Amino acid sequence: VATAGFELYQNTPNPFKAETRIDFYLPEPAEVTLEIRDDLGRLLLSREDGFAAGPQSFRLTREDLPVTGVLYYSVSVDGRKATRKMIRLER
C-alpha cells in the first residue's frame, strides 16, 4: 500500500503466534501512529513514535496483543493512513 512515498507492507510472519513485525517505508522523517483493531473495529493497541526516513518497523509480541483471530493494523503518517489485515493464532 503506497501513499505519496509512504508504504505499508504485510506483517511477517503472518499468521503469527509469538511475535510479528510490521514494516513500512517513510520518504522523510515523521511521527508515525500504529493502531490495531479487532474485526468489530475495537481499538486494541495504539503506539506513536518518531522515525527517520527509510525502511522502519514496529515489533509486536503476544503480550502486546493478548487476543487471537483476524486483526487490522493501520499506520498513519502526516494525515495519510494505510491498513492491512493480519492473523494472530492461538498460543
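How many bridges join strand 4 to strand 5, and in which direction do the two strands run? In this predicted model, eight bridges join strand 4 to strand 5 (residues 43–51), and the pair runs antiparallel. Strand 4 covers residues 30–38 and also pairs with strand 7 through seven bridges, again antiparallel. The points below cover the sheet, the core and the residue S74.

**Sheet and pairing**
- Four strands make an open sheet in the order 5-4-7-8, with antiparallel pairing.
- Strand 5 and strand 8 are the edge strands, each pairing on one side only.
- From one strand to the next, the twist averages 20°.
- Between strand 4 and strand 5, I36 has L45 in strand 5 as its bridge partner.
- Between strand 4 and strand 7, V32 has V77 in strand 7 as its bridge partner, and T33 is matched with S76 in strand 7.

**Hairpin**
- Strand 4 and strand 5 form a hairpin, and four residues lie between them.
- G41, in the turn of this hairpin, has a positive phi of about 90°.

**Strand 4 and the nonpolar core**
- Strand 4 is largely enclosed by the rest of the structure, because seven of its nine residues are buried.
- The largest nonpolar core contains 21 residues, and L34 and I36 have the most contacts inside it.
- At least two residues of this core come from each of strand 2 (6–8), strand 3 (19–26), strand 4, strand 5, strand 6 (54–61), strand 7 and strand 8 (80–88).
- Leaving aside residues up to four places away in sequence, L34 touches I22, L45, S46, R47, F58, L60, Y73, S74 and V75.
- L45 thus appears twice: as the bridge partner of I36 and among the residues that L34 touches.

**S74 in strand 7**
- S74 lies in strand 7, which spans residues 69–77.
- S74 counts as buried because its relative accessibility is 9%, and the cut-off for buried is under 20%.
- The side chains of S74 and T83 are joined by a polar contact of 2.7 Å.
- Beyond residues up to four places away in sequence, S74 touches T33, L34, E35, K81, A82 and T83.
- Of these contacts, L34 is one of the two residues with the most contacts inside the largest nonpolar core, and T33 has S76 of strand 7 as its bridge partner.

Definitions and conventions
Residues are numbered from 1 along each chain as its sequence is written. This is a predicted model: local features need pLDDT of at least 70, side-chain atom pairs count only at pLDDT 80 or more; totals for chains, interfaces and linings use all residues. Side-chain values use heavy atoms; hydrogens and water are left out. Buried means under 20% relative accessible area, exposed over 50%, partly exposed in between (1.4 Å probe, protein chains only). A polar contact is a pair of N or O atoms within 3.5 Å; within protein, one must be able to donate a hydrogen and the other to accept it, and residues adjacent in sequence count only if both atoms are side-chain atoms. Contact means heavy atoms within 4.5 Å. Two strands pair if DSSP finds at least two bridges between them. A nonpolar core is a set of buried Ala, Val, Leu, Ile, Met, Phe, Trp, Tyr and Cys residues joined through side-chain atoms within 4.5 Å. Axes are lines fitted to C-alpha atoms, for helices over the stretch in contact, and angles run from 0 to 180 degrees between N-to-C directions.
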